[in-house]
Amino acid sequence: MVPWLEGLIALLLVAGGIFAVIGALGLLRFRDFFQRLHGPAKNSTLGVGCTLLASMLFFWVQTGDPSGREILITLFVMITTPVSAHLLTMTGMHHRLQRTEQTQGEPYELGSERDR
Amino acid sequence: MKRLLPMPLLSLLLFVIWMCLTALTPGNALLALVLALLIPILIGRFWEPQPTVHRPLKLVAYIAVLIWDIIVANLEVSRLILAPRRQPRPAFVLYPLSLTEPFPITILASTISLTPGTISAHLRMHDGTLLIHALDVEDTQALIEQIQRRYEQPLKEIFQC
Amino acid sequence: MLTWAFWISSALFTLALVMNFYRVLIGPSLPDRIAALDTMYVNAIGMIIIQGLWQDTSLYFEAALLIAMLGFISTVAVCKYLLRGDIIE
Amino acid sequence: MSQHLLIAPIVLPLCAAVLLLLRRGGAVLIKRTIGIGTTLALVITGIFLVHTAGDGVIRFYALGDWQPPFGIVLVLDRLSAMMILLTAILALGAILYASAGQDEDGTNFQGLFQLQLLGINGAFLTGDLFNLFVFFEVLLIASYALLMHGGGRSRTGAGVHYVALNLAGSSLFLFALGILYGALGTLNMADMARQISAGLDAHQQGLVHAGGLLLLSVFALKSAMLPLHFWLPRAYAAAPASVAALFAIMTKIGLYAILRVYSLVFADHAGPLAGLAQPWLWWCGLATLAVAAIGVLSARDLRLQTSYLIMISVGTLLCAFGMGHLDSITAALYYIVHTTLVTGGLFLLADMIGSQRGRAGTRAVRSRPLVQPGRLGTLYFIGMIAVIGLPPLSGAIGKALVLSSAEGIQALWLWPILLLAGLCGIISASRAGSTIFWRTGEGDPDGPKMGWRRGLGITGLIAASPLLTLLAGPVSQYAAATAQQLNNPDHYLEAILGTPMLTPGAVVPHAGGESS
Amino acid sequence: MVLLLIVLLPLAGSLVPLMCQHISRGWCAWLTALLPAIALGISLSQTSTILDGEVLRHSLEWIPALGLSLAFRLDGLSFLFSLLILGIGLLIILYARYYLSENDSIVRFYGFLMLFMTAMLGIVTANNLLLLWFFWELTSLSSFLLIGYWYRESDARKGARMALTVTGAGGLALLAGFLLIGQVVGSYDIDTVIANADQIRGNPLYPLMLVLVLLGCFTKSAQFPFQFWLPHAMAAPTPVSAYLHSATMVKAGVFLLARMFPILSGTHWWFYIVTLVGMITLLYGAWFALMKQDLKGVLAFSTISHLGLITLLFGFDSRLAAIAAVLHIINHATFKASLFMAAGIVDHECGTRDIRKLNGLWRYMPYTTVLATVASASMAGVPLLNGFLSKEMFLAESLETQMFGGLSWLVPVLATLGSVFSVAYSLRFVHDVFFNGEPKQLPKEPHEPPRYMRLPIEILIVLCIAVGLLPALTVGALLKVAALAMMPTEGLPELDLAIWHGFNLPLLMSAIALAGGLLVYVLRHYLYRFQRQFRGRDARLVFEAANQRLINSAEKLLGRFENGSLQRYMFWLMLTALLFAALGLMAIPGLDGPAAPQPIDGVVATGGLLLCLAGLGTAFLHHRRLVALILLSVVGMLVSLAFARFSAPDLALTQLAVEVVTMILLMLALFFLPQTTPRESSGYRLLRDGLLASAFGGVVASLNYAVLTHPIERISQFMIENSVPGGGGHNVVNVILVDFRGFDTLGEITVLCIAGLAIYKLLNRLRLAMPSGDMEGRAWISERYPVILSVVSQALLPFALMVAIYIFLRGHNAPGGGFIAGLVTGVALILLYMARGVEWTQRRLPFQYQPIAVTGVAIALLTGLGSWLFDHPFLTSAYGHFHIPVIGDIELATAMLFDLGVYLAVVGATLMILANLGKVTTPHRPSREKS
Amino acid sequence: MELIYSICTGVLTASGIFLALRGRTFPVVVGLTLLTYAVNLFLFSMGGLHTAASTIVGTDMPMADPLPQALVLTAIVIGFAMTAFVVILAMRARGDLGSDHVDGQRREESREAS
Ligand code: NA
Ligand code: NA
């Protein structure tokens with residue numbers, strides 16, 4: 001394998017891991033739920049993205065055959081992660097989870113069944 | 001034609017993905033073609049009419065921007081996470097939508113969720129607003145404008161709505 | 001070099017999983033736990049991909065694909081449950 | 001074509017079920033015709049199989065043409081043939097009864113009934129331990145569905161216990177299977193026996209020991225051996241009558257599995273592992289008998305009474321298995337036929353009686369007179385005589401066979417308990433019978449008449465007892481031959497493993513590969 | 001053959017009444033009597049043969065395995081009894097014709113009576129102990145029916161049950177005794193057993209056999225302490241009493257004593273038990289016969305007393321005494337039957353059986369009075385009547401016995417005392433009823449009964465007198481052959497059947513008895529007063545109370561064990577399994593096997609730790625159900641990662657897909673269940689369960705480790721080798737699933753399909769309260785279908801379908817297959833249900849899922865059946881490679897078709913389960929079942 | 001490696017059994033599901049633990065034992081069917097018997113914590 005390609009793959013892999021850890025760290029570190037959600041919503045996605053890119057490159061080099069299978073996974077991750085995040089924030093709002101004091105603006109009340 | 005190929009873009013996407021999934025052989029290509037034609041018909045009943053893409057090239061550009069932004073977003077958020085003492089200044093921002101169709105709005109909302117420090121928290125179709133939670137923002141108005149400029153506008157052009 | 005990268009990467013992903021799991025355990029809120037679970041699913045994709053690379057096989061691709069496609073459905077179900085109670089209505 | 005007859009007890013009900021279930025609704029008459037017709041066909045198949053197996057040759061059917069020990073095989077020997085026929089006869093009675101109206105109390109009854117038969121027949125025929133697990137699950141899930149047929153609170157309550165315990169049991173089954181596969185590397189029962197007889201190292205031996213005993217706990221649960229019998233009384237008493245009648249064979253499946261596995265895999269050739277289950281069967285069987293006798297005595301309801309009578313039969317059979325010699329197995333095999341059919345009939349009868357007694361139902365309390373006191377009373381009298389084991393019916397013969405097979409110290413334990421259990425039966429049955437048929441109060445008889453379908457179902461099953469009395473000679477002879485066959489697992493091994501080719505001319509053990 | 005007819009004819013006779021439903025009662029009686037009459041004729045036709053001392057035998061093979069054959073014998077004893085049974089039986093049939101009222105079902109009566117007669121004949125003619133036992137129990141059963149004939153009366157029901165319970169219990173003891181004898185001798189054939197009598201008496205188990213057999217005899221013949229059932233059997237119609245208590249039922253007990261006499265007698269055991277029991281019974285019965293105010297009660301206790309007498313005679317262990325016993329059996333049968341019938345006439349004509357009301361009946365029914373007086377005199381042992389003969393022999397024999405040593409004199413004294421009472425109650429029967437002033441407040445005006453009702457009594461009285469006057473001529477020969485049957489080896493003793501033996505001690509005792517009896521009768525009021533001090537205990541009440549107590553304590557005992565608690569049941573199940581597994585584990589020499597453990601890597605270790613924590617977390621946090629579910633989901637995910645880690649991609653895929661579906665399922669269900677589990681287990685319970693669970697976990701872990709370190713040769717090697725050549729697929733797991741073990745898979749999809757059907761049943765008309773808010777009281781949000789979710793779910797569908805097809809097609813050669821494809825499809829559709837709602841989705845999926853699932857099973861089944869066409873076993877697969885220009889090589893396999901069935905079944909079943917469950921809250925809920 | 005694996009099966013088994021012994025239907029269902037996981041892991045490992053192996057013929061990796069995998073696959077499916085039934089039965093029991101206690105006792109219970 002060409003050393004620079006190997007290096008690139010290695011780099012992507014390690015970067016993927018680092019992003020995943022940072023995402024997880026965000027999930028642990030931030031003070032309120034809404035902030036915590038930002039970590040995984042982006043970093044983990046990119047972490048996996050990097051890994052998938054590494055995988056794509058690796059197998060391309062190994063088999064000499066370019067294959068875009070990993071694109072499908074990336075596509076799915078990109079479609080689904082925002083939905084998860086969206087529903088989770090909604091749930092957080094519904095549960096009126098504590099926000100840090102610095103937060104600007106207010107989440108409004110989600111319309112409730114009883115109001116109707 | 002419309003009945004045979006109700007969603008050309010979807011069919012194309014399916015064809016491409018199938019070819020990505022499998023080896024490049026004539027047999028697979030034939031199969032991909034069959035599937036690309038068959039699946040849209042199969043799921044036709046479940047497909048509520050969506051605005052179609054009118055400017056495919058713009059879409060490509062949009063995706064490029066998106067990927068770039070995702071990377072940037074990650075670095076920024078990483079910096080925030082890793083910054084030892086700095087507490088971010090989160091905000092709930094009510095974003096006024098000018099898009100009206102669900103499909104483009106969903107793309108916009110997803111884009112927002114995937115890019116710099118923002119998550120689309122709640123969508124209110126009836127008054128056309130999208131509640132956004134931003135992780136670290138100084139000026140909420142600037143954020144709104146940035147989103148309008150960078151994402152919503154291109155989307156409007158792509159879908160012509 | 002690659003072997004080292006595999007090692008480091010999988011260690012990092014494992015670490016990420018442990019941290020996510022910690023959040024699942026401590027909560028404190030239900031949405032926190034769900035978010036952490038969702039993240040675990042995403043990180044699991046990374047783990048599986050790395051294993052495939054390591055063993056130089058594409059046998060695990062489908063597993064990763066399936067997590068990517070189905071993993072979020074659990075999250076959707078739980079969120080819908082918390083929001084509406086009835087998830088199919 | 002006749003070679004495929006071996007799989008007919010599985011394919012027939014499955015075909016019928018598919019036909020019946022393709023639509024949820026459908027004309028009642030057609031569904032009943034299919035249901036009864038298929039069951040009748042199963043009886044005929046059963047007769048043919050018994051006839052075939054009567055020559056003492058052990059036949060097998062290699063599914064997918066994969067020869068044992070690699071593929072799954074169905075095995076036809078005297079025992080499995082007998083059980084198939086027994087099931088079919090019982091099912092015919094039950095389905096006739098159900099077809100008088102009970103089948104329309106809910107959805108899909110006829111189809112589920114056939115699937116239940118499929119599961120039972122599969123369990124009797126298979127020669128593969130994992131396949132046995134699969135068929136256990138088929139018959140269990142079908143029994144859950146049938147138990148819930150028609151709904152009602154008591155069914156739900158009983159169902160929770162029944163299902164939860166059996167689910168735990170299924171897990172234990174898989175643990176046991178895993179251990180056996182891990183220690184022996186095979187799933188075919190004959191092959192397991194061969195591996196064990198070929199000699200194991202101490203490590204393997206211990207593992208097989210653990211697996212074998214764990215498996216016993218699973219079979220004990222199914223067969224309602226003390227202290228794993230708890231699910232039985234309520235489940236049987238709550239099930240719809242025709243289902244309860246069919247359930248009469250359910251405990252026998254556990255007993256069958258015990259007989260099959262421990263007479264084949266842990267037979268004399270198993271060296272230190274031989275007779276692994278025997279002491280447990282014996283002592284737990286005695287305890288089962290004792291508790292069941294107390295249960296019979298305390299039962300104030302016909303169906304509960306029958307449930308405990310089933311438990312008595314389970315205890316009796318376990319003891320007979322526990323003694324484990326030729327005579328006791330012979331006795332057990334005769335007894336199994338008798339008890340299954342009669343208790344099945346009694347469940348149907350109890351339901352019929354209950355339906356004519358208004359709110360009193362099957363409880364042994366004063367109530368309005370029955371619509372058909374003579375007929376039902378006669379059937380009850382005959383049925384009870386049979387099941388309690390009073391002469392001149394089959395129960396007495398079965399019991400005498402079991403008793404006389406006990407020797408020495410065994411008799412000292414078995415006789416008093418079994419005889420006292422019989423006495424408890426007499427007390428209970430005379431009390432319930434005299435209350436229900438004799439101590440009738442005021443009020444006009446009202447309720448559904450028996451009708452020909454129900455009548456045929458009930459009478460058919462209960463009449464099995466006099467018939468078994470008349471034919472006690474040949475039946476016990478068959479049982480003796482069966483016991484003999486079980487006693488010689490070598491024949492089984494030779495039949496399954498000794499002749500690797502079923503289809504002459506096949507060189508590779510598989511006939512696939514050529515394109516069609 | 002002749003022999004068989006004697007039993008079979010009455011049996012057939014029991015069916016005759018059933019056919020007489022619609023003809024007159026008279027005809028019915030005659031027709032019923034026809035067959036036993038023929039049987040009697042046949043018996044009598046054998047008289048000369050029998051009197052010659054021959055024994056007729058007939059045997060049919062029945063159950064060789066049990067040693068039970070239909071073996072009959074007609075020796076003197078059985079001949080004698082057959083005559084009694086048939087003869088008196090015929091008289092009873094005649095009598096009953098007039099006795100039973102119009103309201104009583106004559107069909108039922110005759111049917112039961114004939115059944116009973118058959119059973120009795122069977123007992124006396126059986127030549128096989130087990131066969132004898134069969135008939136023995138049959139008498140208990142048929143007598144149950146006869147005693148309970150007037151079943152609306154509480155007395156009849158209770159009396160019948162009591163009789164059945166006591167005699168049935170004795171019968172069980174008898175069976176045990178017979179089985180023991182059979183095991184000792186090796187045969188149940190009575191001839192063989194008699195031939196081996198010494199072997200039995202010498203056996204260490206002899207006392208046990210004796211006691212068991214005697215228990216049978218004594219319960220049946222109402223010997224003390226089992227006498228209590230007999231008086232209550234009087235609730236039966238009088239013809240039944242006459243039959244049961246004179247010639248049959250109770251005589252079965254003494255018959256058996258006679259039958260077993262050559263087998264079991266001649267030992268101390270026999271002597272002490274039989275004599276003592278007989279003596280007590282004799283006195284007990286005699287005393288109470290005197291005390292009873294009920295006409296039939298007097299007769300019942302006198303029967304007990306006379307049976308005691310007979311038993312006592314058998315106990316004396318002298319051949320002469322045994323002969324006397326047989327003679328008394330005959331005599332008792334004749335006079336007691338006539339007395340019962342007379343009592344029945346009195347009852348029938350006066351409407352009461354109360355002795356205090358019945359007086360001076362001789363004026364109204366003089367003829368009956370004469371008959372009853374003669375019969376009573378015979379019972380009292382008045383000379384010139386048959387009762388005197390056997391009484392005299394009894395007294396003589398009582399003088400002979402020496403077994404009690406220095407106390408032997410007590411025997412004749414007590415025998416005389418018994419006779420005294422016997423005279424007294426006989427006198428009372430005659431005097432108090434037929435004489436002694438005027439009747440008091442009789443419900444009916446008494447008069448003579450119909451002619452034919454008296455005929456049976458007349459015949460019997462004639463017999464009494466004939467035997468009494470000419471014993472040697474009438475019964476002498478018969479008695480001898482009967483006695484010969486009891487002593488086949490020793491032969492007959494010197495027997496002198498005469499009325500007059502000169503003045504001797506027995507005669508004196510007889511005289512004392514007569515005089516004493518008269519005296520006792522005169523002074524009876526003192527005795528009544530004496531008796532009144534004791535609180536009379538009604539055996540029926542005692543029995544009922546004991547019965548009830550037994551049932552209650554059984555219920556209590558059972559309740560202590562089966563308390564209806566699943567927790568307990570589950571505990572026992574797990575404990576048993578633990579015990580069994582642990583026993584096996586202890587047999588393993590050590591957990592470490594030959595295989596070197598693989599090195600631990602950090603990732604696996606961490607993953608393992610997480611898995612354990614998640615599992616434990618689920619257990620510890622189970623009170624918060626949703627949290628437990630989330631942790632369960634973590635477990636599921638980690639398990640699938642473990643499958644992936646250890647080279648099982650197919651499993652990882654399946655586990656993942658199932659995990660998602662399970663999660664949705666549990667969420668759906670949790671909506672209707674409480675959100676938290678109350679803390680209700682006691683600390684003890686938690687500790688107990690914790691210990692059990694840990695122990696089980698430890699055992700499972702140990703077993704797992706033991707297997708892992710001990711690799712062996714496995715059959716799967718064959719599958720790996722044959723997967724491509726034989727199954728045409730590279731993915732061995734898939735080839736196993738659809739080919740090697742396709743049969744399992746067929747079962748598995750059937751299970752899935754049935755689960756769907758079962759769940760549909762469970763959901764029928766299920767109405768559960770829907771909470772309006774979550775557990776913290778928050779109302780649900782009003783937004784049902786978040787737009788973004790809806791759009792994404794819709795967009796995902798085509799890709800999900802494509803992935804499903806991809807996974808399906810690859811299955812045979814790469815990880816995947818119909819099952820996973822089916823789950824993916826199902827989940828994608830369920831996602832639509834969640835995102836778009838039932839209404840929306842239902843409109844687009846307008847079909848039911850059951851047909852889809854069933855079609856799947858059908859395709860799999862048909863694929864299997866297809867191989868029959870090529871004369872291969874079920875599910876034999878075939879595959880082929882086809883080369884198509886441009887496109888290339890294509891492989892087609894029947895296994896794919898099978899897999900398609902799997903796919904459809906999974907899609908259908910998944911939707912059947914989840915969608916139907918989801919629909920419970922909507923107007924589309926399942927509601928086909930009747931409720 | 002074997003040790004860790006065994007401990008995991010053991011711990012899952014223990015957790016599952018502990019829950020199966022609880023008095024309410026839902027924990028029992030969760031417990032039985034956990035037990036199923038444990039069983040599947042157990043059964044799976046009966047073919048040995050193979051790292052970097054495959055069950056696909058024709059790859060250059062060593063072969064893992066495919067048979068337990070197929071068995072576990074069947075077991076997973078059956079387990080799912082059973083879990084589905086029992087959980088809905090639990091619902092039904094709550095509806096019919098008015099309580100989610102496994103013995104269906106009627107007890108005062110509040111759905112909500114408040
Ligand atoms: Na964003
Ligand atoms: Na719903």
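Biologist: How many residues of chain E are in contact with chain D, and how many of chain D with chain E?

Modeller: This is a predicted model. In the model, 123 residues of chain E touch 128 residues of chain D. They count as in contact because their heavy atoms come within 4.5 Å.

Biologist: Which chains share the most contacts?

Modeller: Chains D and E do, out of 10 pairs of chains in contact.

Biologist: What is the area buried between chain E and chain D?

Modeller: About 11,000 Å². Carbon and sulfur atoms give 74% of that area. An interface's size is often stated this way, as accessible area lost when the parts come together.

Biologist: What makes D:Arg300 and E:Glu555 a salt bridge?

Modeller: Their side chains meet at 2.8 Å, N to O. The cut-off is 4 Å between a Lys or Arg nitrogen and an Asp or Glu carboxyl oxygen, so the pair qualifies. The count between chain E and chain D is two salt bridges. Polar contacts join 24 residue pairs across this interface, both partners at pLDDT 80 or more. On the side of chain E that touches chain D, 76 residues are nonpolar, 29 polar and 18 charged.

Biologist: How do you know whether chain C and chain D touch or stay apart?

Modeller: No contact joins them. Their closest C-alpha atoms lie 23 Å apart. Chain B and chain F do not touch either, with nearest C-alpha atoms 17 Å apart.

Biologist: Which domains does chain D have?

Modeller: The assignment gives domain 1 (1-270) and domain 2 (276-489). Their centres, taken over C-alpha atoms, are 22 Å apart. In contact are 56 residues of domain 1 of chain D and 44 residues of domain 2 of chain D. Together these two domains bury about 4,300 Å², 77% of it on carbon and sulfur atoms.

Biologist: Which three residues supply the most of the area that domain 1 of chain D buries against domain 2 of chain D?

Modeller: D:Arg78, D:Tyr97 and D:Leu226, with 16%. The count of salt bridges between these domains of chain D is zero. Polar contacts are found for 11 residue pairs, both at pLDDT 80 or more.

Biologist: Which helix gives the most residues to the side of domain 1 of chain D that touches domain 2 of chain D?

Modeller: Helix 3 of chain D, with 12 residues. By class, that side of domain 1 of chain D has 38 nonpolar, 13 polar and five charged residues.

Biologist: Why is the bond between D:Pro68 and D:Pro69 worth pointing out?

Modeller: Most peptide bonds are trans, so a cis one is an exception. The bond joining D:Pro68 and D:Pro69 is cis, with omega about 5 degrees. D:Pro69 sits in the loop between strand 1 (59-62) and strand 2 (73-76) of chain D. Another cis bond joins E:Phe224 and E:Pro225, with omega about 5 degrees. E:Pro225 is in the loop between helix 11 (206-220) and helix 12 (229-232) of chain E.

Biologist: What is the phi of D:Asp65?

Modeller: Positive, about 60 degrees, although D:Asp65 is not a glycine. Most residues other than glycine have a negative phi. D:Asp65 lies in the loop between strand 1 and strand 2 of chain D.

Biologist: What does UniProt say about residues 127-418 of chain D?

Modeller: An unreviewed UniProt entry annotates them as "domain: NADH:quinone oxidoreductase/Mrp antiporter transmembrane". In the model, that span is 76% helix and 0% strand. Its end C-alpha atoms lie 33 Å apart.

How values were computed:
Residues numbered from 1 in each chain as written. Chains lettered and ligands numbered in written order. Predicted model: local features only at pLDDT ≥ 70, side-chain atom pairs only at ≥ 80, totals over all residues. Heavy atoms only, no water. Buried area = accessible area lost by both parts, 1.4 Å probe. Polar contact = N/O pair within 3.5 Å; in protein donor to acceptor, adjacent residues only side chain to side chain. Nonpolar A, V, L, I, M, F, W, Y, C, P; charged D, E, K, R; others polar. Domains from an automatic or database assignment. Helix = DSSP H or I, 4+ residues; strand = E, 2+ residues; numbered from the N terminus. UniProt positions renumbered as here; feature names shortened; annotations may be inferred.
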